[in-house]
Amino acid sequence: MSDKNNDFKDIENKIKKLPKIEDNTPKEVLFQKIQNKMDQSEKPKRSSKRWIIPTMATVASLFIILLIAQSIPWNHVADQQESSMDRNEATTEESTEDSEISDSAIVPNEQKEQETQIMEDESKDEENNDLSESQSFENEITNEEEFVYHVGYEKNENLFDVHTAVTTNEAQYAIPITLIDTSGGTDVNYYYNALENFIDPEEYGIELSLLEGLEFNIDALSTTGFIDVSSNFSSASSGTMGNMLEQILGHMLVPYGFESIPFEGSTNNLGQLAGQNPLPLSVEEEVPYKYYQAGEEYSSLLVPITNANIANIEETLEYMKEDEEPFNVFKSIPNDASITTNEISNTTIEIAVESEHIAENQTTLKMVEAILMTAKSFGYQEVIFDIGINEVGTYDLTTEIKVPLQINPKLLH
Amino acid sequence: MKTTFEELYDKYHTDLYQFIFYMVKNKENTEDIVQEVYVKVLESYQTFKGDSSEKTWLFSIARHVTIDFFRKQQRKKKRILDFFNWSEKGESIPASQALPEEIAIQNEELKQVFLALDDCTEDQRSVIILRYIQSFSIKETASVLGWTESKVKTTQHRAISQLKEHIDTSTRKENSVDE
């Protein structure tokens, strides 16, 4: 045994003696290369808005010409030059605001399609279309700055959704959260085994501790692997906590296609779950969505209410009018609302809500997103809203809206 | 941005370069990966909340980017092998590359250790480099890798066993050739 220890020490010492490898690239050169890479990755965003400055300059010039024409006699040239300068400054400000928009991470598809459309139109008929488009952008800027979104529509080949779940601070409900990995990586273990690095419990007033002592060794793409239970794992000791863990694992793994998950290691610590190895996984469907907010200082999260026992979507929507204050769970539909539903097809449902509280504000946006998630849990793909307004945030309520791809999205890196 | 870069560079660059080099064992690839790491770090620096230390956060990004690099390499290799239908033959060809100058001038024992790192898994290599070359504590290593401390200890033990086995086998082979 002692020989073995000595051998190990010997190897460790040799590793420590491996030489330092110097980077010969000067700091300045390295920074330049990094900056070039960052510029390259930003280029497409910038190019999509490249028309803004020349367009606004053209518009400003036309406006000045108009002013000049109207202000004959021509003895106020100096004043006009001043006003021209003011307008140029305004143009610069607007283009700055616009570039901020391009950095926003999670916006519904409708807006993206609109942006794409703008880019296409640009090449066809810049001068005719740009004024009205830039005006509609101004409206979006306002909305973008005001609203907070609780669902996401992000989808492209470089993004990978890491489905996670946490619990409310009373461990009453499981809350799914989607981490969106922009680096193209697909190793969910990297996130699952260090969730506290990516989700700040203090930001939401939530609990991550239920997963402490579990180590994920899974491949989300091939739906294989297992969870290693450490000897100090104790979160599933009671029946309630066992059920909660089951729900959390369902939210995490079912979206990848897992139907069950095996446990290894100290499986006796799994309490009532120990008898089910592999553990069958599921996510409760046909559920209402409300908002969890642990206090004024915390951010809110959409939460599926899993103990509701409701028969149909109309009853479900009614249930969304009730607060559950002891658990910091709050209604997503105003309690004076009158709700009617009309199933257009297996995939589309029309939902009408009438309430004095509906307006273009955050509360209504939250209602729309909670209804979209609820409709999704009933298997619908699109919702037609009739709530007395035409838009809220980036949602165009005059047309059907697709159900979201991500719940409580959090963009990483 | 430049100030942030300079601060990070001054504090961690040597260690960062070292970590990535010993993971990929090739200077050109190391330089590419280092740049990629800085891009990711600078892009997300505003969102770094300090839940982990700056150092472990930086190295966890470095590890992530390096693993992505390995995966891309594997996919590329597989595509080439599939294209030529050389899979069986191809997999048996060891990937050989010249030793970096810094290693080539070392004694045989250190060269053996360097080569033996190839026999370790990515996880084992990460632990070996962080623990022995970078002198990270068990706790810091666990934080970088997103593991429990006990997993770090187990992986470390297995990695050293793996290295020992490789070195013993090489030594036996050399001795039998000499005889």
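Modeller: In this predicted model, helices are DSSP runs of H or I with at least four residues, strands are runs of E with at least two, and both are numbered from the N terminus.

Biologist: Which pattern does chain B follow when it is read along the sequence?

Modeller: Chain B contains zero strands, and its helices number nine. Read along the sequence, chain B follows the pattern α-α-α-α-α-α-α-α-α.

Biologist: How many helices and how many strands are there in chain A, and what share of its residues is buried?

Modeller: In chain A there are ten helices and 20 strands. Counting as buried the residues under 20% relative accessible area, the share for the 413 residues of chain A is 47%.

Biologist: What share of the contacts in chain B between residues at least 6 apart in sequence joins residues at least 24 apart?

Modeller: Chain B has 179 residues, of which 49% are buried. Among its contacts between residues at least 6 apart in sequence, the share that joins residues at least 24 apart is 66%.

Biologist: Before I lean on chain A, over which residues does its pLDDT stay under 50 while the model has 77 contacts beyond four places in sequence?

Modeller: The mean pLDDT of chain A is 77, with 73% of its residues reaching 70 or more. One stretch with pLDDT below 50 covers residues 43-52 of chain A, which has 14 contacts in the model beyond near neighbours in sequence. The stretch you ask about, with its 77 contacts, covers residues 72-145 of chain A.

Biologist: At roughly what angle do the axes of helix 1 and helix 7 of chain B cross?

Modeller: Two packed helices are described by the angle between their axes and the distance between the axes. Here the axes of helix 1 (residues 2-24) and helix 7 (residues 122-133) of chain B come within 10 Å, and helix 1 of chain B passes helix 7 of chain B in a right-handed crossing. The angle at which these axes cross is roughly 145°.

Biologist: How many nonpolar residues does the contact of helix 1 of chain B with helix 7 of chain B have?

Modeller: Helix 1 of chain B contributes B:Q18, B:F19, B:Y22 and B:M23, while helix 7 of chain B contributes B:E122, B:R125, B:S126, B:I129, B:L130 and B:I133. By class, two residues of this contact are polar and two are charged, and the number of nonpolar residues is six.

Biologist: Which element gives the largest share of the largest nonpolar core?

Modeller: In soluble globular proteins, nonpolar side chains tend to be buried together. The largest nonpolar core in this model has 59 residues, and those with the most contacts inside it are A:I15, B:I20, B:Y22, B:V37 and B:Y38. Its largest share, twelve residues, comes from helix 1 of chain B.

Biologist: How many residues has the other core, which lies apart from it?

Modeller: Among the residues of this other core are A:I177, A:F198, A:Y298 and A:V303. Its number of residues is 55.

Biologist: Which residues of chain A is B:Y38 in contact with, leaving aside neighbours within four places in sequence?

Modeller: On chain B, the contacts of B:Y38 are B:F5, B:L8, B:Y9, B:H13 and B:L16. On chain A, its contacts are A:L30 and A:I34.

Biologist: Which residues does A:K27 touch, not counting those up to four places away in sequence?

Modeller: A:K27 has its place in helix 2 (residues 27-48) of chain A. With a relative accessible area of 25%, A:K27 counts as partly exposed. The residues that A:K27 touches are B:F5, B:E6, B:Y9 and B:D10.

Biologist: Is A:N408 buried or exposed?

Modeller: A:N408 lies in the loop between strand 19 (406-407) and strand 20 (409-412) of chain A, and has a positive phi of about 45° although it is not a glycine. Its relative accessible area is 5%, under the 20% limit, so A:N408 is buried.

Biologist: What is the relative accessible area of A:E286?

Modeller: A:E286, which is not a glycine, has a positive phi of about 55°. A:E286 is found in the loop between strand 9 and strand 10 (289-292) of chain A. This residue is partly exposed, with a relative accessible area of 40%.

Biologist: Which residue does a cis peptide bond join to A:N277?

Modeller: The omega of this bond is about 5°. The partner sits in the loop between strand 8 (263-265) and strand 9 (279-280) of chain A, and the residue joined to A:N277 is A:P278.

Methods:
Residues numbered from 1 in each chain as written. Chains lettered and ligands numbered in written order. Predicted model: local features only at pLDDT ≥ 70, side-chain atom pairs only at ≥ 80, totals over all residues. Heavy atoms only, no water. Axes fitted to C-alpha atoms, helices over the stretch in contact; angles between N-to-C directions. Left-handed = near helix turned anticlockwise from the far one by under 90°. Contact = heavy atoms within 4.5 Å. Nonpolar A, V, L, I, M, F, W, Y, C, P; charged D, E, K, R; others polar. pLDDT = per-residue confidence, 0-100. Core = buried A, V, L, I, M, F, W, Y, C linked by side-chain atoms within 4.5 Å. Buried < 20%, exposed > 50% of the residue type's maximum accessible area, 1.4 Å probe, protein only.
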